[in-house]
Amino acid sequence: MNNPPHLPIDTITSSSNAEIKMLRSLHERKFRRQTGLFLAEGMRHCTEAVQMGYQPMRLVYAQGREADKGMATLIDACQKAGGRILPVTPNLLSRISGKDNPQTVMAAFCMRYGQLSDIRPGKDAADIWVALDRVRDPGNLGTIMRTADAVAAKGIILIEDCTDPYSVEAVRASMGAVFTIEIIQTSSADFITWTKGWGGEIIGTALPASKDYRTANWQKPVILLMGNEQAGLTDDLCKTASQLVRLPMLGRSDSLNLAVATGICLYEAIR
């Protein structure tokens, strides 16, 4: 039941409260899947989410912060969505966040996934997509989402069993980009089939590739295809690429961090 704006809202003080238990459970992927919800933290990110059309189904904030700038907007959005407003003690806020020094506000939003069939190849000649094969590290995924947003890429295509883009770690690393870019999940087989109708370039990175990434044809629309942190791209996915490129390694290192390599390629694409 909603809390009418003219009525006081009791502060939750017990960690055994059902809502607190539910919010804490959202740190685990199975409960995010069960509820369809994920956590975002901080006034800026929660406000951006509302601006992008996300509805806060739970709004949690430190008791006594109702007058904070932007809080009225979040409370109003939560009430309009039929969500629940939950002022809590600082200790409970820390327990939900999992951090010793949490932000003063958090919210639970509904996850959103797009479909490959919704992408219309050639509809926008400036489109950039990032396809990730079995990415494992949530920090890498969140950073890639942040960089994709920075270059105005359309979204991320997650192939096979990738880490959850709505995990607390990935959402934090995305710095709000999780709300601004499209996220699509698909299988390798479906992605390979779909690419046969793609009207632009597909540029994959692979260690054996002979073409320097700076000499590739980055003509858009383009899909940047990146592989698993340890194993790289599968042979089948490599075959979908119209170009395979490498980043030069001049020192002793033989590879770059996935998020770093993706960022370099994305900025080359817009250059």
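## Briefing: a seven-stranded sheet and helix 10

The chain averages a pLDDT of 91, and 94% of the residues score at least 70. The model is predicted. Residues 1-8 fall outside that picture: pLDDT stays under 50 there. For this stretch the model has nine contacts beyond four places in sequence.

**Sheet**

- Seven strands form an open sheet with parallel pairing. Their order is 7-6-5-10-8-11-9.
- Strand 7 (182-186) and strand 9 (211-212) stand at the edges. Each has a single partner strand, so one side of each is left without a neighbour in the sheet.
- Strand 5 (residues 128-133) runs parallel to strand 10 (residues 222-226), and five bridges join the two.
- Within this pair, Val130 stands opposite Leu224 of strand 10.

**Helix 10: placement and length**

- Helix 10 (residues 258-270) lies across strand 5, strand 8 (201-205) and strand 10. Its angle to strand 10 is about 160°.
- Helix 10 has 13 residues, which should span 18 Å at 1.5 Å a residue. The end C-alpha atoms are 19 Å apart, which agrees.
- At the start of helix 10, the backbone nitrogen of Ala259 has a side-chain oxygen of Asn257 within 2.9 Å.

**Helix 10: burial**

- The buried residues of helix 10 are Leu258, Ala259, Ala261, Thr262, Gly263, Cys265, Leu266, Glu268 and Ala269.
- An α-helix has 3.6 residues a turn, so residues three or four places apart point the same way.
- The cover over the buried residues of helix 10 includes strand 5, strand 8 and strand 10. Helix 6 (138-150) is also part of that cover.

How values were computed: Residues numbered from 1 in each chain as written. Predicted model: local features only at pLDDT ≥ 70, side-chain atom pairs only at ≥ 80, totals over all residues. Heavy atoms only, no water. Pairing = 2+ DSSP bridges. Helix = DSSP H or I, 4+ residues; strand = E, 2+ residues; numbered from the N terminus. Contact = heavy atoms within 4.5 Å. Axes fitted to C-alpha atoms, helices over the stretch in contact; angles between N-to-C directions. pLDDT = per-residue confidence, 0-100. Expected span 1.5 Å × (residues − 1). Buried < 20%, exposed > 50% of the residue type's maximum accessible area, 1.4 Å probe, protein only. Polar contact = N/O pair within 3.5 Å; in protein donor to acceptor, adjacent residues only side chain to side chain.
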